[in-house]
Amino acid sequence: MAGISFIKYRTSLRGREVRLAWSLVLPTALIVFGLVIFPAFFSIWISFHDVGLTELSNVFKAEFIGLENYKNVINDFAFKFQGLQNWGAAVTSIIYSFTATTLTVVVGLIASLLLNQNFKGRGLVRAVFLFPYIAPIVSVTFVWRWILDPRPSGVVNDILMNIGLIEMPMAYLSTRGLALLLVIIFEAWRYFPFAMLMILARLQAIDSTLYEAAEVDGAGRRALFTNITLPVNYDMFLGRFSSCALCGPSINLTTSFS
Amino acid sequence: MSSTTSTPGPHTSSSRNLTFIEHLARWITWPRFISALAFTFFLTGILFPFYWMISSSFKTYAEIGGRQPVYIPGSLNLDAYRELFDPSNPSFQNFGQSIMNSVKIAVPTSIIAVILSTLGAYAVARLRFRGKEFLLNSILMIYLFPGVLLIIPLFAMLSQIGTRLGFEVQDNLPILIITYLAQTLPVALYMLANYFRTIPEEIEQAGLIDGCSRMEVIWRITLPLAIPALVSVSIYTFMIAWNEFLYAFIFLNDHNLFTMPIKINTIFNDPSPRPHVVMAASTIMTLPIVVMFLALEKFLSEGLTAGGVKG
């Protein structure tokens with residue numbers, strides 16, 4: 001009986017559809033599983049073994065050393081928190097991912113509110129707002145690095161010295177603390193357009209009668225914003241946070257492959 | 001941005017007698033002033049780095065190395081570009097080769113990604129099969145792993161396979177293309193599946209009843225309706241492959257195979273710093289992306305948000 005129903009299933013429309021579905025998804029699934037999911041779990045295996053960069057071609061012969069790598073990382077002076085003067089990579093990563101994400105979302109929210117108004121040339125301005133996100137990371141990084149050049153010929157130094165905020169040229173990217181702040185600002189500069197697009201799509205999906213009804217009921221502009229505009233975006237904010245908060249700690253894990 | 005037209009005020013009849021300043025004084029209110037200020041802040045912050053990149057690429061070595069920054073180059077000086085492209089230049093960089101390498105990687109990545117993700121997305125959006133949700137969620141798990149985390153196990157794994165099957169992992173462009181596919185396919189699949197869901201299923205069912213096979217339905221009905229999404233997926237994947245640095249940096253050793261980002265990094269780390277050459281190379285790498293984006297901007301933002309806002 002089972003055999004007959006199996007043959008029926010194989011030749012039925014439903015069965016054919018399932019096989020078609022799998023054969024359509026298979027190439028994508030193979031590439032993603034083989035090159036992302038498997039290496040991700042493989043990295044856990046490596047983290048318990050003594051793998052040097054030179055032995056990468058025959059990793060499977062590596063010796064099992066238990067938690068040795070983890071001990072090394074935790075005791076590493078560059079990783080450990082060593083007082084307020086020297087945070088170490090662990091604390092820096094957490095602070096970095098949290099503040100950079102917050103700033104990105106806030107800037108994206110402001111940008112999307114600006115673009116949610118009606119004005120001439122809105123399409124063009126929206127396109128320009130997306131430039132930081134689409135431009136190649138290598139080129140924008142080098143431009144920013146050069147704008148922040150420590151010599152007096154650096155643009156930021158020149159401007160700040162001209163308006164009298166600083167006396168001497170500053171080495172922005174080699175000053176502890178300031179460098180981290182600038183990297184956070186750069187991150188927000190680069191990724192706010194993405195947050196902006198997501199928020200904007202939701203803002204434009206809000207039914208305008210919702211605002212009108214609230215206005216009739218006597219709600220002020222601020223009430224409209226906190227009670228309608230923000231709640232619509234809450235889950236987006238959460239999503240952005242969780243994905244970025246997960247990125248931070250996982251970057252630390254890479255240091256465990258000694 | 002003259003927004004006067006958007007607000008037909010009560011003063012339109014007498015506006016003929018008003019000067020520009022009076023117009024401005026009437027138009028401006030606190031919210032408008034603040035939003036104009038914010039726009040100025042955003043536009044300068046966004047556009048200045050790009051202006052600096054393009055203008056610097058036309059500066060001479062003296063303008064670059066001076067004590068004061070030069071905000072507007074004296075003339076359209078092509079020294080930096082000559083260094084990139086002119087073989088007779090003493091510090092010729094052979095940048096044309098790097099452009100070709102980037103094209104050779106980005107174009108196949110984008111074409112293959114569109115084909116594979118179309119097939120996968122159609123199955124996810126239209127067909128019912130067991131394990132679909134699990135499959136979709138695990139494909140999206142890629143977001144949780146940054147590239148830095150994956151590169152060591154990926155390299156170890158590929159070199160294992162490489163020694164068994166007899167191919168080189170380093171300096172092998174197809175390998176690089178496959179790793180880019182792994183990075184772009186999940187998002188491409190997600191974007192396309194969301195778009196396919198917005199196409200009414202009845203149209204396809206009509207096709208099926210008329211005797212088309214599933215593949216014919218995809219080819220003749222679904223794809224023509226999904227052109228905006230296909231365009232945005234192909235730009236998106238092209239952009240990722242064109243801009244990618246980390247994997248190319250690890251997987252490529254041969255100077256003749258360097259893609260543009262790696263080449264720019266090499267020029268930047270040259271013992272004699274020549275920022276104008278770096279800026280010229282960056283301009284060349286950025287320009288096609290920005291032009292392509294401006295031409296197809298409407299599709300791209302639509303596609304990106306279709307991927308981000310789950311229905």
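**Exercise 1. The nonpolar core**

Find which residues touch the most other members of the largest nonpolar core in this predicted model.

*Solution.* Start with the core as a whole: it holds 115 residues. Those touching the most other members are A:Val32, B:Leu185, B:Ala188, B:Leu189, B:Leu192, B:Val233 and B:Ala281. Next, look at where the core comes from: helix α8 of chain B (residues 173-198) provides its largest share, 15 residues. Finally, pick out A:Val32 and list its contacts, skipping neighbours within four places in sequence. They are A:Ile37, B:Ile139, B:Ile142, B:Ala182, B:Leu185 and B:Pro186.

**Exercise 2. A bent helix**

Work out where α8(B) bends, and by how much.

*Solution.* First, take the length: α8(B) has 26 residues and spans 37 Å from first C-alpha to last, close to the expected 38 Å. Then follow the helix to B:Thr184, where it bends by about 40°. Within four residues after that comes a proline, B:Pro186. Now consider the surroundings: a residue is buried if 20 or more other C-beta atoms lie within 10 Å of its own. In α8(B), 20 of the 26 residues are buried, so the rest of the structure largely encloses this helix.

**Exercise 3. Where the chains meet**

Describe the side of chain A that touches chain B: which helix gives the most residues to it?

*Solution.* Begin with the contact itself, which joins 66 residues of chain A to 81 residues of chain B. Several helices of chain A supply at least two residues each to this side, including α4 (88-115), α9 (178-205) and α11 (221-254). The most come from α2(A), with 20 residues. Last, sort this side of chain A by residue type: 50 residues are nonpolar, 12 polar and 4 charged.

**Exercise 4. Chain A and its confidence**

Find which element of chain A has the lowest mean pLDDT and which has the highest.

*Solution.* Get an overview before turning to the scores. Chain A contains 11 helices and 2 strands, and 25% of its 258 residues count as buried. Its average pLDDT is 76, with 76% of the residues scoring at least 70. Among its elements, α11(A) has the lowest mean, 57, whereas α6(A) has the highest, 90. Now check the end of the chain: over residues 244-258 of chain A the pLDDT is below 50, although this stretch has 35 contacts in the model beyond near neighbours in sequence. Here is a point to keep in mind: where pLDDT is low, predicted coordinates should not be read in detail.

**Exercise 5. Two loop residues**

Locate B:Asn94 and B:Asp171 and describe their backbone.

*Solution.* B:Asn94 sits in the loop between α4 (79-85) and α5 (95-126) of chain B. The loop that holds B:Asp171 lies between α7 (147-165) and α8 of chain B. Neither is a glycine, yet phi is positive, about 55°, for B:Asn94 and about 55° for B:Asp171. To judge exposure, count C-beta neighbours inside 10 Å: B:Asn94 has 14, so this residue counts as partly exposed. B:Asp171 also has 14 and counts as partly exposed.

**Exercise 6. An arginine**

Is B:Arg220 buried or exposed?

*Solution.* Place the residue first: B:Arg220 belongs to helix α10 (residues 214-225) of chain B. Then count: 12 other C-beta atoms lie within 10 Å, so B:Arg220 is exposed. Beyond four places in sequence, B:Arg220 touches B:Gly207 and B:Cys212. For a sense of distance, its C-alpha atom is 51 Å from that of B:Pro31, 189 residues away along the chain.

Methods
Residues are numbered from 1 along each chain as its sequence is written. Chains are lettered from A and ligands numbered from 1 in the order in which they are written. This is a predicted model: local features need pLDDT of at least 70, side-chain atom pairs count only at pLDDT 80 or more; totals for chains, interfaces and linings use all residues. Two residues are in contact if their C-beta atoms, placed from the backbone, lie within 7 Å. Ala, Val, Leu, Ile, Met, Phe, Trp, Tyr, Cys and Pro count as nonpolar, Asp, Glu, Lys and Arg as charged, and the others, Gly among them, as polar. pLDDT is the predictor's confidence in each residue, from 0 to 100. A nonpolar core is a set of buried Ala, Val, Leu, Ile, Met, Phe, Trp, Tyr and Cys residues joined through C-beta atoms within 7 Å. The expected span of a helix is 1.5 Å times one less than its number of residues. The bend at a residue is the angle between axes fitted to the seven residues ending there and the seven starting there.
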